[in-house]
Amino acid sequence: MFPENFLWGGAVAANQCEGAYNEDGKGLSIQDVMPHGIKGERTAKPTPDNMKLVGIDFYHRYKEDIRLFAEMGFRVFRLSIAWSRIFPMGDETEANEAGLAFYDDVFDECHKYGIEPLVTISHYETPLHLAEAYDGWLDRRMIGFYERYVTTIFQRYKDKVKYWLTFNEINSILNSPFMSGGIATPKEKLTDSQLYQAIHHEMVASALATKIGHEINPDFQIGCMILSMPVYPLSPNPDDVIAAMEEAHRHDMFTEIHVRGEYPGYMKRYLRENHIEVKMEAEDMEILKNTVDFISFSYYVSVCATADPKKNVRGEGNLLGGVPNPYLKASEWGWQIDPKGLRYILNQFYDKYRKPLFIVENGLGAVDQLVVGKDGVPTVYDDYRINYMREHLLQVEEAMNDGVPIMGYTSWGCIDLVSASTAELKKRYGFIYVDRNDDGTGTLERYKKKSFYWYKEVIASNGESLHR
Ligand code: BGP
């Protein structure tokens, strides 16, 4: 049974849907020079093949989109604020009023329908200038720029936004230092000491945001946001079990620090044994003690780990990837589908941290076929997406039956948007189809898919319809 106050909704990120990349004083963000996602080359300046420059034009069409979310019955809408709309360069002292006003309007529009905004403060959209001039989070001064940014938005929206997430998938910096951490130094040249230094800066900044937010409005609910990925041992061999544990620890560290306010022992050991040096200021340990109110996470895939180097061959999968599981099928993009992994990770999070949980991303990226529907209106018969979501939501219910407190569920890409990893539009997640293609064609019209009506029913019945 889903509780009465369960927050049903959907999620997007500014850089993947807004477009309007240079309007109303917005500065460039790192996404504006990433036309091909995480694997492609960066460009010197924005190029027309970059689908994010136009996105799905949410910047101009948010009223229509929020109305459609309301029609589905959303109680929450997760979105991010584009940092470079508020501070175009990132290091200036004056905020851009036009950027602030835009989000005022978006939040007002949500409240018009009783939809609670859930805001990611930094979702893979560091101002480009901060990447180029400071090497992103490698530089300790980033903490100050982020502090100014969060203070500005907390003060501005203190009566409009209650739920906040400090950094999207903060642990993804391990694999995508540019997209996740704005670190311009190429990944191959980055030393482990630099990487963990940047992580430390982000952890301090995240804790500082929690502190500042609670001072500005004690009712704020501030969470961390983790890319979750259950790691199973590839075999019952104890060496594989330990390999899985150690792989999980690399990511657990992020939640651990957010919840307990200090580095865990296994991390200190990892740093020591790998001769990784991280400079920490005296005040950092105090700042880290500002712990989060809840844990939020994305869930798409599980992976396996093995101690056998011959079998340790990584497959595709979200930003991180791991050894494929022989028992699971994969999506068209090679991401292995594992609904039970969601129940497993929910239990794991709660067993370890005893904090309320929020599933803020989950969904299926697939190629959709727009066809003429029975009523003559174009639609997509996306039964594959419905099945995927039903299977996952039933496991959410299982976890709640296990006693895990879950605040809500926001499906990823509730309206089609540009993919983060590959920058494609053809990888669609939405309940709402957007007529826009990777060659830049399309009217940007919105069409309801079959899953739109299905999700509406799930919300209206508070999960009951999942059993029909
Ligand atoms: C997560 C990101 C999102 C989102 C999602 C799906 O890692 O937080 O921004 O895009 O994955 O990934 P993709 O867009 O690569 O299919």
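This short talk covers one strand and one ligand site in a predicted model.

I'll start with strand 2, residues 76–80. How many of its residues are buried? The count is 5 of 5, so I call the strand mostly covered, with buried meaning under 20% relative accessible area. If you look at the two sides separately, Val76, Arg78 and Ser80 are buried on one, and Phe77 and Leu79 are buried on the other. Both faces of strand 2 are therefore covered, by that same cut-off of under 20%.

Next, the neighbours of that strand. Strand 1, residues 7–11, runs parallel to strand 2 and is joined to it by 3 bridges. Strand 3, residues 116–120, also runs parallel to strand 2, and here there are 5 bridges. Arg78 is a useful residue to click on. Its bridge partner in strand 1 is Ala11, and in strand 3 it stands opposite Leu118.

Now the ligand. Which residues come closest to it? They are Glu169, Ala420, Ser421, Lys427 and Tyr429, out of 16 that surround the ligand. By type, the shell divides into 7 nonpolar, 6 polar and 3 charged residues.

Three contacts to ligand oxygen atoms are listed on my slide. For Ser421, an N or O atom of the side chain is 2.4 Å from a ligand oxygen. For Ala420, the atom is a backbone N or O, and the distance is 2.7 Å. For Ser419, a side-chain N or O atom is 3.3 Å from an oxygen of the ligand. As for cover, the ligand on its own has 370 Å² of accessible area, and the protein covers 100% of that.

Notes. Residues are numbered from 1 along each chain as its sequence is written. This is a predicted model: local features need pLDDT of at least 70, side-chain atom pairs count only at pLDDT 80 or more; totals for chains, interfaces and linings use all residues. Side-chain values use heavy atoms; hydrogens and water are left out. Buried means under 20% relative accessible area, exposed over 50%, partly exposed in between (1.4 Å probe, protein chains only). Helices (H or I, at least four residues) and strands (E, at least two) are DSSP runs, numbered from the N terminus. Two strands pair if DSSP finds at least two bridges between them. A residue is near a molecule or strand if one of its heavy atoms lies within 4 Å of it. A polar contact is a pair of N or O atoms within 3.5 Å; within protein, one must be able to donate a hydrogen and the other to accept it, and residues adjacent in sequence count only if both atoms are side-chain atoms. Accessible areas come from the Shrake-Rupley method with a 1.4 Å probe; for residues, only the protein chains shown count as cover. Ala, Val, Leu, Ile, Met, Phe, Trp, Tyr, Cys and Pro count as nonpolar, Asp, Glu, Lys and Arg as charged, and the others, Gly among them, as polar.
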